[in-house]
Amino acid sequence: MSSHFKSRSSVIPNSASTPSSNANIGARVYDYTDKYKSDKPGEEIEENARVWSVYLDEAESHDADVMQGYRTIIDGLLVFASLFSAVVTTFVAQTSQALAPDYAQVTAVLLLENNQLLRAAGNSTTLNDIPAASLHPGSHTYSSTDVWVNGFFFTSLGLSLSTALLSVLAKQWIQAYTTIVPGGAKTRALIRHFRFQGTVKWKLGEIIESLPLILHGSVALFLIGLALYTSQLSSPICGVVVAITCFTFLFYLGTLVLPAVFLDCPYRISFLFPLAQLALYAFHLMQCASCFLWQWLQSGFVQVPKMQWPALSAKSFKSAENDAIFLDDFALKHCQYICDTLYWVLNFSSNQSIKQVVFEGVSGLLFKWRSMGLESSQSLLMSKHDLFRHSILFTLDKLAEMASPSTQQDDVIWNPWFKLIEYVWRPFYRQPEGKSLWGSSIAHKEEQWKEIQHLIKTALDRAITRKDHVLFRCLLKWGHPGIQDAKLDWAQDVPLLHYSAWKGATEIIDYMLDNKVVDINQHDNQGRTALHWAAMQNQLDTVIAIVDREKSLIHVRTNTHRTLTALDTAVLNGNYDVARYLLAEGAERPPDALHLVTAQPLLWRSGSVIRALLDLGWNRKVEDAEGRTPIDVAYNGGFVEAADCLEHYQTASIQPYMTVPLTPIVVRGT
């Protein structure tokens, strides 16, 4: 921003702090009722009234934008005109010599005539038979081509220098327009508007925008003159110059017309847009006239054809551009513009806070489509545009972070991230094929929808771990069908039901089973049921819930080399409460459990697990297939502490389901 604008802003009374200098001043948005204090009654139009300060702020934004554009045009013209004038001057200095009398050529012609006269005198030839010299002192020695070449070059030079002069004048006009005005806000506002009306009346903008055309004409004349000049030197060189000249000006004329046909074409000069519209209108008029004459001719000049004749558009470029985007707010093309705009901000900004703002805008856009009943018609755009895929990725990550047991059903209605996924999911769910976020409905490539699946798994993991049954239900809804087969726990590829049992998410398990999302008899790749996983992690409430639903799972064994029941799993992991409950429910007691625990120091841990098994009723004197008691196994292995515990520990009388403090050990892969 120029210094005079800064000065003007600094003297506005009651002004708030202005935006940072690197912001686009034309894009500032103020609440002027907060920025400026209200006026006292009766002073609303006085010298320093708020209305004049508001006018000056808006005028500053407008003038900064317009005048900066003019300065850019003028600065570019001055640089180009200076360089171009130097080039043309070099050629003029060379070609202008051809317009001066060539006395060497005149002398040569006269000497030739004198030589012929002397020959005639020697051989008695009459003097009348000797042709007179074609040149004499004062004769023109240049050709018409020389005149044309210099005419083009001199005219080009004159136009170039004129453009430079007018550009300097225009800079002075702009400086005069932006000169600081002393006085109060009202005085400065009125004087500024007086100047502004003068620029409109005297076409300041049109004059400045037409200056490049003068320079364009100068270049055109120079290239034509250059082609003529090279024609005297070499035909091949002349052909190359002519080809370059023709291509350049065909491209130039094409860029003038293209914006009138394609409004998004960037090859535009706003000042020439009406001329391009006129050229396009003339083309369409000739086209319709040709069709009219052809149809009339085919009818034998009997029936006059009815034609839809084109109309000459009087719209400015800004109006045409605005109509192309905003003519129909609900058209697919308009929605495409909105999505493209938001996606551009998302991709080309390094500011991380922008993501949340952009996706809030996406949520608002989807809500608008839904309120207007446009979900189905916009689903094609949603499936193709990457903006919505990124929205889903961001939102799933947000929901995973927000997972909490305190999440309420009302959050699904009011939370913006729940609403965003709901708006994206609903149009696809209503389609006949019933697509979901788990599938490839909004992803174009395999790696893209796998990325969505990965984040859904992460959100499921958080929802199960943090007992957020509301989020879990939403994820199941958004991912159905397909999500029920999701595998969690990245190391072991655990099914959804088993992972929930491992984490003790009893309410989530009840929801899945009540809604028949999963089968309670489902096994993992080692033959383990959800009961095994709950018993492994000492999730007593979950074990009770599963057994209440399907008691036969107590007797299911794994397909590993040591077939294990849920009771075996609880015993090997030292989960005393779960083991006692399963025994009470009729689980088959493994007779060699004490032998196995005693042989592995990692399991008996200073005798705590051994004491727990003895309390649960295991017999310390039972023999295995080799005739060994647990005490024998302990002595054979050198585990004196375990042997001592087996020999001397007196079993405790424990009430049902009393907790014995044990440190659980999770044995993987059993």
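**Stop 1: helix H22**

Select residues 540–549, helix H22. Its buried residues are Thr542, Val543, Ala545, Ile546 and Val547. This is a predicted model, so colour the chain by pLDDT before going further.

What lies over those buried residues? Show helix H19 (496–503), helix H20 (506–514), helix H21 (530–536) and helix H24 (576–584); the cover of the buried residues of H22 includes these four. Keep H20, H21 and H24 on screen for the next stops.

**Stop 2: two loops with positive phi**

Go to the loop between H20 and H21, where Lys516 sits. Check its backbone: phi is near 55 degrees, a positive value in a residue other than glycine. Is Lys516 buried or exposed? Its relative accessibility is 74%, and exposed means over 50%, so Lys516 counts as exposed.

Now move to the loop between H21 and H22 and pick Asn538. Asn538 is not a glycine either, yet its phi is positive, at about 60 degrees. With 30% relative accessibility, Asn538 counts as partly exposed.

**Stop 3: the second largest cavity**

Turn on cavities. There are four of 30 Å³ or more. Pick the second largest, which holds about 50 Å³ of space.

Which residues should you select around it? Eleven residues line this cavity, and those nearest its centre are Val571, Gly574, Tyr576, Ala612 and Leu613. Helix H23 (566–572), H24 and helix H27 (608–615) are the elements that each give two or more residues to the lining. H27 gives the most, with three residues. H24 you have already met, as part of the cover over the buried residues of H22.

Colour the lining of the second largest cavity by class. Nine residues are nonpolar and two are polar. Charged residues are absent from this lining.

**Stop 4: Thr230 in helix H7**

Jump to helix H7, residues 204–231, and select Thr230. At 6% relative accessibility, against a limit of under 20% for buried, Thr230 counts as buried.

Where does its side chain find a polar partner? Draw a distance from the side chain of Thr230 to the backbone oxygen of Ala227: a polar atom of that side chain lies 2.9 Å away. Residues three or four places apart on an α-helix point the same way, because the helix has 3.6 residues a turn.

Next, show the contacts of Thr230 beyond four places in sequence: they are Ile237, Cys238 and Val241.

**Stop 5: confidence along the chain**

Zoom out and read the pLDDT colours. The mean for the chain is 76, and 77% of the residues reach 70 or more. Among the elements, helix H5 (residues 144–177) has the highest mean pLDDT, 92. Helix H1 (residues 3–10) has the lowest, 36.

Select residues 1–27. Here the pLDDT is below 50, although the model gives this stretch 42 contacts beyond near neighbours in sequence. Then select residues 654–670, where pLDDT also stays under 50. The model has 44 contacts for that stretch beyond four places in sequence.

**Stop 6: the whole chain**

Finish with the cartoon view. The chain has 29 helices and two strands. How many of its residues count as buried? The share is 41% of the 670 residues. Last, plot a contact map. Of the contacts with a separation of 6 or more, 69% join residues 24 or more positions apart.

How values were computed:
Residues are numbered from 1 along each chain as its sequence is written. This is a predicted model: local features need pLDDT of at least 70, side-chain atom pairs count only at pLDDT 80 or more; totals for chains, interfaces and linings use all residues. Side-chain values use heavy atoms; hydrogens and water are left out. pLDDT is the predictor's confidence in each residue, from 0 to 100. Contact means heavy atoms within 4.5 Å. Buried means under 20% relative accessible area, exposed over 50%, partly exposed in between (1.4 Å probe, protein chains only). On a 1 Å grid over the protein atoms alone, a cavity is a set of points where a 1.4 Å probe fits but cannot get out, and a pocket is an open set with protein on both sides within 12 Å along at least five of seven lines; lining residues have an atom within 4 Å of a point. Grid points are joined across faces, edges and corners, and a volume is the space filled by probe spheres set on the points. Ala, Val, Leu, Ile, Met, Phe, Trp, Tyr, Cys and Pro count as nonpolar, Asp, Glu, Lys and Arg as charged, and the others, Gly among them, as polar. A polar contact is a pair of N or O atoms within 3.5 Å; within protein, one must be able to donate a hydrogen and the other to accept it, and residues adjacent in sequence count only if both atoms are side-chain atoms.
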